[in-house]
Amino acid sequence: MSTFSAIDHAHMAHALRLAEKGLFTTHPNPRVGCVLAHGGQVVGSGFHQRAGEPHAEVHALREAGSAARGATAYVTLEPCAHHGRTPPCADALIAAGVSRVVAAVGDPFPAVNGRGLARLREAGIAVDTGLLEAPVRELNRGFLRRVGDGRPWLRLKLALSLDGRTGLADGRSQWITGPAARADNMRWRARSGAIMTGIGSVLADDPQLTVRFDDGTEFVPPLRVVLDSQLRIPASARILDAQAPTVVVCAPEAVAGQRHLDAAQVMSCPHHATGLGLAVVLAELAERCVNELHVEAGATLAGALVHAGLVDELLLYVNPSLIGDSGRPLLQLPPLRALADRTRWRLLDQQLVGEDLRLLLRPAA
């Protein structure tokens, strides 16, 4: 196992901070940063900014120029070894004459998956891995889940009152949370490859499900996905506007009624007594290169996702208000036979956002 110095840690932490700059823009590619250094001196740095544009290593090598020879390259993800929309980064590092490469995480993408590191070693370059692996995996959890498991990382966002209600009895839910929480949620939307909801939410609230920033922050507009088994969505729905692409998922027998949906792509999916095949929908979204799926939905769809074990994390905004027992519940779940059967979650983070408490939870191991 490799032993890393304090200098190694400092440079990889720098590379990780660079990678985070691509949080909203690299989709569907991973977020990657690179630092080139001689000892404690940085001679080049960069991060991957957008799909189809140069990778992090290329930006760092351009900045370093001839100073890259003999340097150590600290990169948060294994350098690529294949020709995609850009040439192999492993070859660029070899040509530049770097003497050592430290990679935080191997790239599981089939065209890479160890080949980049092997090519570097074959060229006589020292290679070490595993430095700051955990935070790098966290940053790229969507990419790693899609490539490794064939489905996106699924985040379920819910806003609720103190008494666990998400809206009025008729389904209206705008707005339970305050403006600060709604602005915060925009950043979670922006890091996602797709935002999904159910037809019930569309009919009740007519949401846009777009990312809206006032400060000019760059982002890749997420795909919008509506689960609508019977194709009830009206042509006037705001989610069908031109601000971002939209996919409406319906049962196969409903496809014939898609003529009014010229503004969206209609995708059929197997339909069961309990609803659309959710695992199939997620697999299809992975095929469309969706890394992180951000879900904002009512109790029925939210409950179905939780019950199916498809939710990777819960993002809850708790507002200090009361709606009453006639309001909509947080989730619709099957009744439990015993309290010991309840679903358990692990609290990762809690923050006060304006007047609302934001909780981030993941399934308990």
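Modeller: Before we start on this predicted model: two strands count as paired if DSSP finds at least two bridges between them.

Colleague: Good, then how many bridges join β15 to β18, and do they run parallel or antiparallel?

Modeller: There are 5 bridges between β15 and strand β18 (residues 356-363), and the two run antiparallel. Leu315 stands opposite Leu360 in β18.

Colleague: And what about β6 and β15, how do they pair?

Modeller: Strand β6 (residues 153-161) pairs with β15 in the parallel sense, over 7 bridges. Over there, Leu160 faces Val318 in β15.

Colleague: How many residues of β15 are buried?

Modeller: 7 of the 7 residues in β15 (residues 313-319) are buried, so the strand is largely enclosed by the rest of the structure. Glu313, Leu315, Tyr317 and Asn319 point one way, while Leu314, Leu316 and Val318 point the other.

Colleague: Switching topic: how many disulfides does a search of the whole structure find?

Modeller: The search finds 0.

Colleague: Why is there no bond between Cys80 and Cys89?

Modeller: Because their sulfurs are 3.7 Å apart, too far for a bond, when the cut-off is within 2.5 Å. Cys80 is buried, at 6% relative accessible area.

Colleague: And how far is the sulfur of Cys250 from the closest cysteine sulfur?

Modeller: That one is 9.1 Å away, in Cys269, so again too far. Cys250 is buried too, at 0% relative accessibility.

Colleague: Back to Cys89: which residues of α3 are buried?

Modeller: In α3 (residues 89-96) they are Cys89, Ala90 and Leu93. They lie on the same side of the helix, because they cover an arc of only 105 degrees around its axis.

Colleague: What do they pack against?

Modeller: The buried residues of α3 pack against α2 (56-64), β3 (72-77), β4 (100-105) and α4 (115-122).

Technical notes. Residues numbered from 1 in each chain as written. Predicted model: local features only at pLDDT ≥ 70, side-chain atom pairs only at ≥ 80, totals over all residues. Heavy atoms only, no water. Buried < 20%, exposed > 50% of the residue type's maximum accessible area, 1.4 Å probe, protein only. Helix = DSSP H or I, 4+ residues; strand = E, 2+ residues; numbered from the N terminus. Arc of directions from axis to C-beta. Contact = heavy atoms within 4.5 Å.
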